[in-house]
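Let's take a walk through this fold, starting with the whole chain and working down to single residues. Keep the 3D view open as you read.

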Amino acid sequence: MKVRELAVSGAYEFSPDVHRDERGAFVAHYTESAFSAAVGHPLRLGQNHHSVSRRGTVRGVHYADVPPGQAKMVTCVSGELLDVVVDLRVGSPTFGRWDSVRLDPVSYRAVYLEEGLGHAFIALRDDTVAAYLNSEEYNPGAEHEIDPFDPALGLPWPKDLEYLVSARDRNAPGLAEAERAGLLPSYEVCRALHARRG
């Protein structure tokens with residue numbers, strides 16, 4: 001398992017070993033030892049879910065209140081997607097910065113993002129299936145979103161696609177508006193949460 005920290009602190013790309021033979025392939029997206037060595041703690045599992053998306057579907061930028069927040073490990077088991085992590089933690093040295101990783105069922109890469117970070121992706125093919133391991137169960141009252149097309153973020157959406165976006169995401173505030181409204185997580189609160197867990 002190879003691990004690379006992304007440009008957003010608290011986000012990592014995991015590239016597992018893929019074992020191939022005439023039958024196909026076998027891969028372990030998550031092993032506690034490799035994950036804990038990179039991140040400093042095992043992944044608490046509160047929920048596992050999948051999303052299925054048409055080509056051009058943009059999901060996010062989504063985040064949850066901290067505490068408890070919702071850490072995520074995301075893989076793509078069918079199709080292809082461009083996964084994006086955004087630092088939404090007010091006071092963070094990387095506040096407003098993003099990084100992206102292309103996920104597919106060939107490389108089997110995964111992206112982990114800790115609590116307080118925003119997550120989004122765009123499906124690059126029809127029937128793209130994203131699989132999530134989440135540290136907490138979905139809590140609609142604690143979930144929020146940032147406009148994925150906020151020009152201040154400048155997220156790397158391909159220009160040659162027709163975007164499919166939910167009304168929730170289309171009508172989301174921009175980063176500056178969410179910060180002014182006090183909707184974003186605090187870097188200090190996130191750091192304290194991670195220190196207690198680690």
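The radius of gyration used here is taken over C-alpha atoms, and the globule rule is 2.2 Å times the number of residues to the power 0.38. For 198 residues that rule puts a compact globule near 16 Å, and the protein chain has 16 Å, so the two agree. Before going further, note that this is a predicted model: local features need pLDDT of at least 70, side-chain atom pairs count only at pLDDT 80 or more, and totals for chains, interfaces and linings use all residues. Residues are numbered from 1 along each chain as its sequence is written, and side-chain values use heavy atoms, with hydrogens and water left out.

Along its principal axes, the C-alpha trace spans about 55 × 45 × 25 Å. The chain has four helices and 14 strands; these are DSSP runs numbered from the N terminus, with helices being H or I over at least four residues and strands E over at least two. As for the outside, the accessible surface comes to about 9,500 Å², and 50% of that belongs to carbon and sulfur atoms (Shrake-Rupley method, 1.4 Å probe; for residues, only the protein chains shown count as cover). Half the story is inside: 50% of the 198 residues count as buried, where buried means under 20% relative accessible area, exposed over 50%, and partly exposed in between (1.4 Å probe, protein chains only). Take the contacts, meaning heavy atoms within 4.5 Å: among those between residues at least 6 apart in sequence, 80% join residues at least 24 apart.

Now for the sheet. Six strands form an open sheet in the order β1-β2-β10-β7-β12-β5, with antiparallel pairing. Two strands pair if DSSP finds at least two bridges between them. Strands of a sheet pair through backbone hydrogen bonds, either parallel or antiparallel. At the edges you'll find β1 (2-5) and β5 (47-53), each pairing on one side only. From one strand to the next, the twist averages 20°. Helix α1 (residues 32-39) packs on this sheet, touching β1, β2 (11-15), β7 and β10, and its direction makes about 145° with that of β2. For such angles, axes are lines fitted to C-alpha atoms, for helices over the stretch in contact, and angles run from 0 to 180 degrees between N-to-C directions.

Zoom in on β7 (residues 72-78) and β10 (residues 110-113), which pair in the antiparallel sense over four bridges. Valine 74 has valine 111 as its bridge partner in β10. At 1% relative accessibility, valine 111 counts as buried. Tyrosine 12 sits 99 residues away from valine 111 in sequence, yet their C-alpha atoms are 5.7 Å apart. Beyond its neighbours up to four places away, valine 111 touches several residues, including Leu6, Met73, Val85 and Leu103.

Further along the sheet, valine 129 lies in β12 and is buried, with a relative accessible area of 15%. Valine 129 and serine 51 are 78 residues apart in sequence but 5.5 Å apart, C-alpha to C-alpha. Contacts of valine 129 outside the four-place window include His50, Val52, Thr75 and Val77.

What about the nonpolar cores? Each is a set of buried Ala, Val, Leu, Ile, Met, Phe, Trp, Tyr and Cys residues joined through side-chain atoms within 4.5 Å. The largest has 19 residues, with Leu88 and Ile146 touching the most other members. Two or more residues each come from β6 (57-64), β8 (81-87), β11 (117-123) and α3 (175-180). Apart from this core lies another, of 15 residues, among them Leu81, Val101, Leu117 and Ala130.

Finally, some backbone details. A cis peptide bond joins glycine 60 and valine 61, with omega about 15°, and valine 61 is in β6. Another cis peptide bond joins proline 67 and proline 68, with omega about 0°; proline 68 is in the loop between β6 and β7. Tyrosine 108 has a positive phi of about 60° although it is not a glycine, and is buried at 16% relative accessible area. Aspartate 127 also has a positive phi, near 55°, but counts as exposed at 53% relative accessibility.
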